[in-house]
Amino acid sequence: MIVAALKQGDEQAFAWLVDQHHATLVRLALRYVPDVATAEEVAQDTWLHVLRGLDRFQFRSSLKTWIAAILVNRARTRGQRERRSTPFSRAWAAALADGEPAVDPERFFGPQDPALADRWASAPRTFGPEERLLASETQGLVQQTIAGLSLAQREVITLRDIEGWSAAQVCTALGLSETNQRVLLHRARSKVRAALERYLSEQP
Amino acid sequence: MTTPHASPEDEIRCRELVELVTPYLEDALPPDERAAVERHLAGCDGCQTYLEQMRLTIRAIGHVSDEAITSRTRDEVLAIFRTWRQTRPS
């Protein structure tokens with residue numbers, strides 16, 4: 001077990017853990033602090049707290065989510081100090097309350113004809129060849145769209161769809177309810193889809 | 001979001017379906033709503049395409065590259081470890 005190895009001072013075990021998670025920690029920290037250098041500092045600071053807190057690690061959560069929760073905690077403190085932004089609990093509430101639709105309401109028929117109401121007036125078309133979807137230009141657009149999302153949406157989509165975390169892991173690390181996690185993921189994915197649809201329908 | 005009922009007029013419509021796609025893909029819908037989504041999909045090309053677009057979107061997001069950890073950073077983090085190992089109470 002890796003935790004036991006770390007407690008015994010096994011450097012190889014620690015190096016393995018760092019290789020597994022450091023890049024993720026830096027990326028996650030970047031959701032809170034303005035630049036890579038600060039994100040690096042936060043990630044390194046997190047490792048120190050991980051080591052100091054090893055005795056407090058509970059096997060109920062996975063090591064990965066435990067480390068991420070420490071990172072989020074430290075990055076939030078650091079981010080608030082640097083940006084004096086609105087408290088994060090308010091950011092979550094705002095993101096959940098905004099009620100943005102997944103698709104522009106204009107694309108559905110209005111209530112005039114009850115048989116057609118809320119059905120597609122302008123139905124989506126297929127995205128076309130996969131090469132285009134995974135081309136670097138398209139990837140740039142995906143990254144840009146994610147960067148423009150609200151903090152809460154960005155966190156959830158990054159962990160779920162880029163890092164491949166499970167819903168339960170994200171809920172634990174970010175302190176979210178299952179429903180809130182899903183709403184944030186839905187809004188975030190819907191926006192990326194809309195951006196891809198706009199882009200891929202532009203030119204062949 | 002309204003809850004679908006049994007009568008055909010109250011079946012879910014496209015505008016509602018697009019809001020149910022994520023809970024549908026996460027398998028988080030109650031059985032009756034899941035069945036209503038599947039009934040709608042079976043008869044709606046537009047929503048089938050929408051669902052496919054959403055699956056492809058998730059793939060495209062997953063493809064965003066993962067920058068590797070640089071060796072300088074690695075050395076710095078390992079130095080933190082060595083310091084911790086020396087100074088911790090044993």
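What pLDDT does chain A average, and what share of the residues score at least 70? Chain A averages a pLDDT of 86, and 90% of the residues score at least 70. The model is predicted, and its confidence values are set out before its contacts.

**Confidence**

For chain B the mean pLDDT is 84, with 80% of its residues at 70 or more. The complex as a whole receives an ipTM of 0.72 and a pTM of 0.70 from the predictor.

The table lists the helices at the two ends of the confidence range in each chain.

| Helix | Residues | Place in its chain | Mean pLDDT |
|---|---|---|---|
| α5(A) | 88-97 | lowest | 51 |
| α10(A) | 178-202 | highest | 94 |
| α4(B) | 71-87 | lowest | 88 |
| α3(B) | 45-62 | highest | 95 |

Two stretches score low. Residues 84-91 of chain A stay under a pLDDT of 50, and the model has seven contacts for them beyond four places in sequence. In chain B the pLDDT is below 50 over residues 1-7, a stretch with nine contacts in the model beyond near neighbours in sequence.

**Domains of chain A**

The domain assignment divides chain A into domain 1, residues 2-83, and domain 2, residues 88-202. The C-alpha centres of these two domains of chain A are 28 Å apart. Their contact draws eleven residues from domain 1 of chain A and ten residues from domain 2 of chain A. On the domain 1 side, the elements that give two or more residues are α2 (11-29) and α4 (63-83) of chain A. Of these, α4(A) supplies the largest share, five residues. By class, this side of domain 1 has four nonpolar, four polar and three charged residues.

**Packing of α7 and α10 in chain A**

Two packed helices are described by the angle between their axes and the distance between the axes. Helix α7 (residues 136-147) of chain A packs against α10(A) at an angle of about 140°, and the axes are 10 Å apart. That angle makes α7(A) oblique to α10(A). The crossing of α7(A) past α10(A) is right-handed.

From α7(A), the residues T138(A), L141(A), V142(A), T145(A) and I146(A) meet K191(A), V192(A), A195(A) and Y199(A) of α10(A). Six residues of this contact are nonpolar, two are polar and one is charged.

**The contact between the chains**

How many residues does the contact take from chain A and from chain B? It takes 42 residues from chain A and 38 residues from chain B. On the chain A side, the elements that give two or more residues are α2, α3 (36-52), α6 (130-134), α7, α8 (151-162) and α10 of chain A. The largest share, eight residues, comes from α10(A). The chain A side divides into 23 nonpolar, eight polar and eleven charged residues.

Within this contact, one helix pair can be described in detail. Helices α10(A) and α3(B) pack at an angle of about 95°, with axes 9 Å apart. The two helices are therefore roughly perpendicular to each other. From α10(A) the contact uses R189(A), V192(A), R193(A), L196(A) and E197(A), and from α3(B) it uses Q53(B), M54(B), T57(B), I58(B), A60(B) and I61(B). By class, six of the residues are nonpolar, two are polar and three are charged.

Residue V192(A) of α10(A) meets α7(A) and also takes part in the contact with α3(B).

Methods: Residues numbered from 1 in each chain as written. Chains lettered and ligands numbered in written order. Predicted model: local features only at pLDDT ≥ 70, side-chain atom pairs only at ≥ 80, totals over all residues. Axes fitted to C-alpha atoms, helices over the stretch in contact; angles between N-to-C directions. Helix = DSSP H or I, 4+ residues; strand = E, 2+ residues; numbered from the N terminus. Parallel < 35°, antiparallel > 145°, perpendicular 65-115°, else oblique. Left-handed = near helix turned anticlockwise from the far one by under 90°. Contact = placed C-beta atoms within 7 Å. Nonpolar A, V, L, I, M, F, W, Y, C, P; charged D, E, K, R; others polar. Domains from an automatic or database assignment. pLDDT = per-residue confidence, 0-100.
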